[in-house]
Amino acid sequence: MRRAVARLRRRLGRRGSILAILGAGKICLGAGFLAAPPTSTRGLELLTDRAPLHCWAWVWVLAGSVTFASSLLPVGRDAVGFSAALVPPSLWAAAYLWSAVSGDYARGAWVAGWYLTSHIGVILWASAVPEHSVPHRAVRDPGSGRG
């Protein structure tokens with residue numbers, strides 16, 4: 001079992017690991033909306049006026065599936081996974097922000113801020129993390145007596 005985990009960690013790397021985690025989380029969130037729809041969709045009217053919530057739940061599941069599948073792609077080809085990961089939280093943030101600006105849901109600005117930082121911000125940060133970072137070699141100063 002330990003070998004299998006080590007092999008998977010090597011296969012996924014840093015970027016693949018975060019894509020797998022993000023993808024699984026998005027699939028779970030979408031599945032949760034499908035299995036037990038919330039009683040209130042307040043703040044999401046920008047979306048639910050265009051399609052029912054179960055359609056938007058499938059957006060989470062689809063984006064999560066693409067994100068998860070992208071975790072297995074080589075570095076440099078995983079951008080599609082990070083792009084897919086951005087779609088659902090961007091839509092949710094926009095809907096909540098719009099509901100706050102339009103005065104329909106005062107709490108919407110705070111929820112949008114949560115999506116913008118905890119979801120979108122983390123995804124953007126993770127997409128910029130290099131797969132391998134090597135520390136810079138220390139430059140020896142011959143006159144310092146160290147080294």
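**Group meeting: a five-helix predicted model**

Helix α1, spanning residues 2–35, packs against helix α4, spanning residues 79–101, at an angle of about 40°, and their axes lie 10 Å apart. The crossing of these two helices is left-handed. On the α1 side, the contact is made by Arg15, Ile18, Leu19, Lys26 and Phe33; on the α4 side, Gly81, Phe82, Ala85, Pro89 and Trp92 take part. I should state at once that this is a predicted model.

Let me now place that pair in the whole. The protein has five helices and zero strands, so read from the N terminus the order of elements is α-α-α-α-α. Of its 147 residues, 33% are buried. Among contacts with a separation of 6 or more, 72% join residues that stand 24 or more positions apart. The accessible surface comes to about 9,600 Å², and carbon and sulfur atoms hold 64% of that area.

I turn next to charge pairing. Side chains of opposite charge can pair when their charged atoms come close. How many salt bridges does the count give? The count comes to one salt bridge. Its partners are aspartate 78 and arginine 15, whose side chains meet at 2.8 Å, N to O. The pair links distant parts of the chain, since aspartate 78 sits in the loop between α3 and α4 while arginine 15 belongs to helix α1, 63 residues apart. Are these two residues buried or exposed? Both aspartate 78 and arginine 15 are buried. Arginine 15 has already appeared in this talk, as one of the α1 residues in the contact with α4.

Aspartate 78 also leads us to serine 70, which is found in helix α3. Leaving aside neighbours within four places in sequence, serine 70 is in contact with Leu19, Asp78, Val80 and Gly81. Two of these names, Leu19 of α1 and Gly81 of α4, are also listed in the helix contact described at the start. Why does serine 70 count as buried? Its relative accessible area is 3%, and the limit for burial is under 20%, so serine 70 is classed as buried.

A second serine deserves mention. Serine 99 has its place in helix α4. Serine 99 counts as buried because its relative accessibility is 3%. Not counting residues up to four places away in sequence, serine 99 touches Gly43, Asp104, Tyr105 and Gly108.

Returning to helix α3, we find tryptophan 56 there. Tryptophan 56 is classed as buried because its relative accessibility is 14%. Beyond the residues up to four places away, tryptophan 56 touches Leu47, Thr48, Ala51, Leu91 and Trp92. Trp92 is one of the α4 residues in the contact with α1. Tryptophan 56 and glycine 30 are 26 residues apart in sequence, and their C-alpha atoms are 7.9 Å apart in space.

Finally, the surface. Which residues make the nonpolar surface patch of about 320 Å²? Leu62, Val66, Leu73 and Val80 make this patch. Leucine 62 lies in helix α3, which covers residues 53–70. Leucine 62 counts as exposed because its relative accessible area is 57%, and the threshold for that class is over 50%. Val80, another patch member, is also among the contacts of serine 70.

Note on methods:
Residues are numbered from 1 along each chain as its sequence is written. This is a predicted model: local features need pLDDT of at least 70, side-chain atom pairs count only at pLDDT 80 or more; totals for chains, interfaces and linings use all residues. Side-chain values use heavy atoms; hydrogens and water are left out. Helices (H or I, at least four residues) and strands (E, at least two) are DSSP runs, numbered from the N terminus. Buried means under 20% relative accessible area, exposed over 50%, partly exposed in between (1.4 Å probe, protein chains only). Contact means heavy atoms within 4.5 Å. Accessible areas come from the Shrake-Rupley method with a 1.4 Å probe; for residues, only the protein chains shown count as cover. Patches are made of residues with over 30% relative accessible area and no salt bridge: like charges are joined within 9 Å, nonpolar side chains (Val, Leu, Ile, Met, Phe, Trp, Tyr) within 5 Å. A salt bridge is a side-chain nitrogen of Lys or Arg within 4 Å of a carboxyl oxygen of Asp or Glu. Axes are lines fitted to C-alpha atoms, for helices over the stretch in contact, and angles run from 0 to 180 degrees between N-to-C directions. A crossing is left-handed if the near helix is turned anticlockwise from the far one by less than a right angle, and right-handed if clockwise.
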